[in-house]
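Good morning, and thank you for joining. Please take a moment with the sequence and the model before I begin.

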Amino acid sequence: MDETVAEFIKRTILKIPMNELTTILKAWDFLSENQLQTVNFRQRKESVVQHLIHLCEEKRASLNDAALLDIIYTQFHQHQKVWDVFQMTKGPGEDVDLFDMKQFKNSFKKILQRALKNVTVSFRETEENAVWIRIAWGTQYTKPNQYKPTYVVYYSQTPYAFKSSSTLRRNTPLLGQALTVASKHHQIVKMDLRSRYLDSLKAIVFKQYNQTFETHNSTTPLQERSLGLDINMDSRIIHENIVEKERVQRITQETFGDYPQPQLEFAQYKLETKFKSDLNGSILAEREEPLRCLIKFSSPHLLEALKSLAPAALFSRIQKLLCYSASHSQGTQDLSSYVPLYTRC
Amino acid sequence: MAGILAPGLGVLAHLERLENQMSRSRKQSEEPQSVQAQERVLGTKIQKLRHLRDDLKAAVRHRRGSVKACIANVEPNRTVEVNEQEALEEKLENVKAVLQAYHFTGLSGKLTSRGVCVCINTAFEGNLLDSYFVDLVIQKPLRIHHHSVPVFIPLEEIAAKYLQTNIQHFLFSLCEYLNAYSGRKYQADRLQSDFAALLTGPLQRNPLCNLLSFTYKLDPGGQSFPFCARLLYKDLTATLPTDVTVTCQGGEALSTSWEEQRASHETLFCTKPLHQVFASFARREKLDMSLVS
């Protein structure tokens, strides 16, 4: 086994917390059950690592095996990376997408290897029709740096791919090209979406954030909702307030739904609005041109925070504000549909 | 003896004893009398109580009779109420059953506060498969609020073409795509689960199940060469492939019998659902085995 490979595996295993070690090693499926049983996982970490490296040497681990372990570690620790979203488009009148995983992998690898002699490309398929690609970049003259790889998660037969943010920005165009050509698309564009949470990005981009639907089999949630309202309400609130509170809750429910919101941390909107004023002769109201401003929202969990604003009766104002920023919308809209518009998570 | 020795004392004592004896016997002869008197008293008491019991029993019977009579008067109304309630329940069950039965038509819906939630139930060869929902908001323009259609189905394309102009066509087209996808997925799943023994390697498939690639042997464990099949479904609204290539691994020059088999397999894959083709392979194998033995 190459020294660099041994060092790489060692550093990867050292990153893994002890309580995850057996799970990750099993997912790696490189060392056999028998081999794993010979390891005493209760020793000090250094000793465990030494033993594991020895076993890997016995089995002659290759660079590809080491890269696979790195992918699995990253899959378990997705939140440590920040993910960007890319959207591809097909040319007009293109054929039906007959995606062939083998062809895709070969094509992708070839394009990168033709451009940069030194590059390590590894793949791992997951059950949700996604393929994780790990690329370690080198140059014409230097070997690939295994410690600063880029990860791409591509959902086949969709136009979307998620890429981990890296400092090596100069390789992004090449990566984009490889992805586009290998997946038989025409163009690739970076979306204004970024997050640590792949699941949230997926939910937003695939529009899968609400999977509850009304059917004739389901009991109407209306009764349950009003019950909840009663329990939480102050006994001093009189009838008129009840009506208003129920209305607010209904609108919140329609807008946000009952499902857990995708985790956004940051949202930014460009707003063009005219100023209305009651006072005559207000300078701002007399302006011909609309005012242009930038509105930033930030929160550890933005959508949940906005959802909880509703009972505080601030919600309708924010709704109106956001309505103006999306020029074609009227009335209550699903807030999540605004998200792709200048949003960073 | 004492009486004889002390005659005076003895006699008195004797008399005393006799007296006592007499009073005792008198008491004894009196006792049965008082006992009898007591018995008589108790006897009359028993009779009184018996009379009372009989009276009470009679009263209870009388009461019951009158209550029954009352009930008998009331009963005709109660049975009517019960019948109405039963009829309503029956109607409710019927309606529920009809609504559920709509699932079997493949397309059903439920009105929501803002529009309609359409449910597409897919099926293939009489097997009910997955359901997909599209929640529509009835506004101008008509729009999709949210849905459970998989990402790789061209929902947006179909919506762009038909949603605003011809909603029936939109739903029909979407049904076509989803049913075809479900059908292809069903065939691939059945191949993997039921006929794994005939496959010599893993089945390669993609999300839309429109490209399937696999190697198989007609006689697993036998000497024959495995076949490689590649099925392309270019028509996303179809459950049968548009292009099929079957090649034989291991030999470029095939004997005529192998060539015939290869060609026949290609035709089979084009005309019959995948799992049915493999079912016929499995039957043939059984038949061959039984002929050999």
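I shall speak about the cysteines and then about one sheet in chain B.

This is a predicted model, in which local features need pLDDT of at least 70 and side-chain atom pairs count only at pLDDT 80 or more, while totals for chains, interfaces and linings use all residues. Residues are numbered from 1 along each chain as its sequence is written, chains are lettered from A and ligands numbered from 1 in the order in which they are written, and side-chain values use heavy atoms, leaving out hydrogens and water.

How many disulfides does a search of the whole structure find? Over all chains, zero, a disulfide being a pair of cysteine sulfur atoms within 2.5 Å. For C117(B), the closest cysteine sulfur belongs to C119(B) and lies 7.3 Å away, too far for a bond. C117(B) is buried, at 1% relative accessible area; buried means under 20%, with a 1.4 Å probe and protein chains only. The sulfur of C209(B) is 18 Å from its closest counterpart, in C270(B), again too far for a bond.

Now the sheet. Three strands of chain B form an open sheet in the order 5-6-7, with antiparallel pairing. Strands are DSSP runs of E, at least two residues, numbered from the N terminus, and two of them pair if DSSP finds at least two bridges between them. Strand 5 (211-216) and strand 7 (243-248) of chain B each have a single partner strand, so one side of each lacks a neighbour in the sheet. Strand 6 (residues 227-232) and strand 7 of chain B pair over six bridges, and L232(B) has D243(B) as its bridge partner in strand 7.

Notes. Buried means under 20% relative accessible area, exposed over 50%, partly exposed in between (1.4 Å probe, protein chains only). Helices (H or I, at least four residues) and strands (E, at least two) are DSSP runs, numbered from the N terminus.
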